[in-house]
Amino acid sequence: MRFKLGDKVSVLDDDIIGIVTEISDQTLIIETEDGFDMEFSISEVIHAKPINSRLFDTTDLKTVISEKEQSYKHKSIKVKPKERNLAAMEVDLHIHQITTSNKHMSNFDMLNLQLDTARYKLEFAIKKRIQKVVFIHGVGEGVLKTELDYLFGRYDSIKFYPADYQKYGLGATEVYIFQNAKPN
């Protein structure tokens, strides 16, 4: 901060206010309200803000009260925090949720089925204008999550981020679909 002679300043960690009387390289000498000269580092001092006398003016008290009463009349509908954060659609990509039998499927086949399901559900959400979708992929070794990140990164009209940790842990990704964008 830049200080000049005559500036009213306040000391950060103490209840001292004064006027700058001398400025050297990294120190200021201020004359306190009690008439004492004290030396402080520039980093310990800030400009003192003058108290606005209009701040305590009571002539507009009736208008303030009427404005407050008006604001109480126009109450908005409150949405509970839990309802506000609920995802509109959940897609569980665990293989046992997608298919009835995976005995004869290789890991490659299972991963492709999961990715095809994710792509289909994402396209469905975009077409139906569903704003939020949570893809539950589990933690595992992170292969499915990495592939999902690559898939989601190919869409311009979405952003994706880890889903609510308290509800899903580390095993889910939430996708937010921008509604004003045209579907891919």
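**Two open sheets and a packed helix**

Strands S2 and S3 form a hairpin in which three residues lie between the two strands. The structure described here is a predicted model. The pairing of S2 with strand S3 (residues 27-32) is antiparallel and runs over five bridges. Within this pair, Glu22 is placed opposite Ile29 of S3.

A hairpin is also formed by S1 and S2, here with five residues between the strands. Strand S1 (residues 8-11) pairs with strand S2 (residues 17-23) in the antiparallel sense, over three bridges. Two residue pairs place the strands against each other: Ser10 stands opposite Ile17 in S2, and Lys8 has Ile19 of S2 as its bridge partner.

These strands belong to an open sheet of five strands, with the order S4-S3-S2-S1-S5 and antiparallel pairing. Strand S4 (37-41) and strand S5 (45-47) occupy the edges; each has a single partner strand, so one side of each is left without a neighbour in the sheet. On average, and with direction ignored, neighbouring strands of this sheet are turned by 50 degrees against each other.

A further open sheet consists of four strands in the order S6-S7-S9-S8, and its pairing is mixed. Its edge strands are strand S6 (89-92) and strand S8 (158-162), each of which pairs on one side only. The average turn between neighbouring strands of this four-stranded sheet is 20 degrees, direction ignored.

Within the four-stranded sheet, strand S7 (residues 132-136) and strand S9 (residues 172-177) are paired in the antiparallel sense over five bridges. Val134 stands opposite Glu174 in S9. Glu174, a residue of strand S9, has a relative accessibility of 11% and therefore counts as buried, the cut-off being under 20%. Apart from neighbours within four places in sequence, the contacts of Glu174 are Lys132, Val133, Val134, Lys159, Phe160, Tyr161, Pro162 and Ala163. Val134 is thus named both as the residue opposite Glu174 and among the contacts of Glu174.

Helix H5 (residues 143-153) packs on the four-stranded sheet, where it touches S7, S8 and S9. The direction of H5 makes about 155 degrees with that of S8. The buried residues of the helix are Leu144, Leu148, Leu151 and Phe152. Viewed down the axis of H5, these buried residues fall within an arc of 90 degrees, so they line one face of the helix. An α-helix has 3.6 residues a turn, so residues three or four places apart point the same way. The cover over the buried residues of H5 includes helix H4 (107-127) as well as S7, S8 and S9. On the face of H5 turned away from the buried side, the exposed residues are Tyr150 and Gly153.

Key
Residues numbered from 1 in each chain as written. Predicted model: local features only at pLDDT ≥ 70, side-chain atom pairs only at ≥ 80, totals over all residues. Heavy atoms only, no water. Pairing = 2+ DSSP bridges. Axes fitted to C-alpha atoms, helices over the stretch in contact; angles between N-to-C directions. Contact = heavy atoms within 4.5 Å. Buried < 20%, exposed > 50% of the residue type's maximum accessible area, 1.4 Å probe, protein only. Arc of directions from axis to C-beta.
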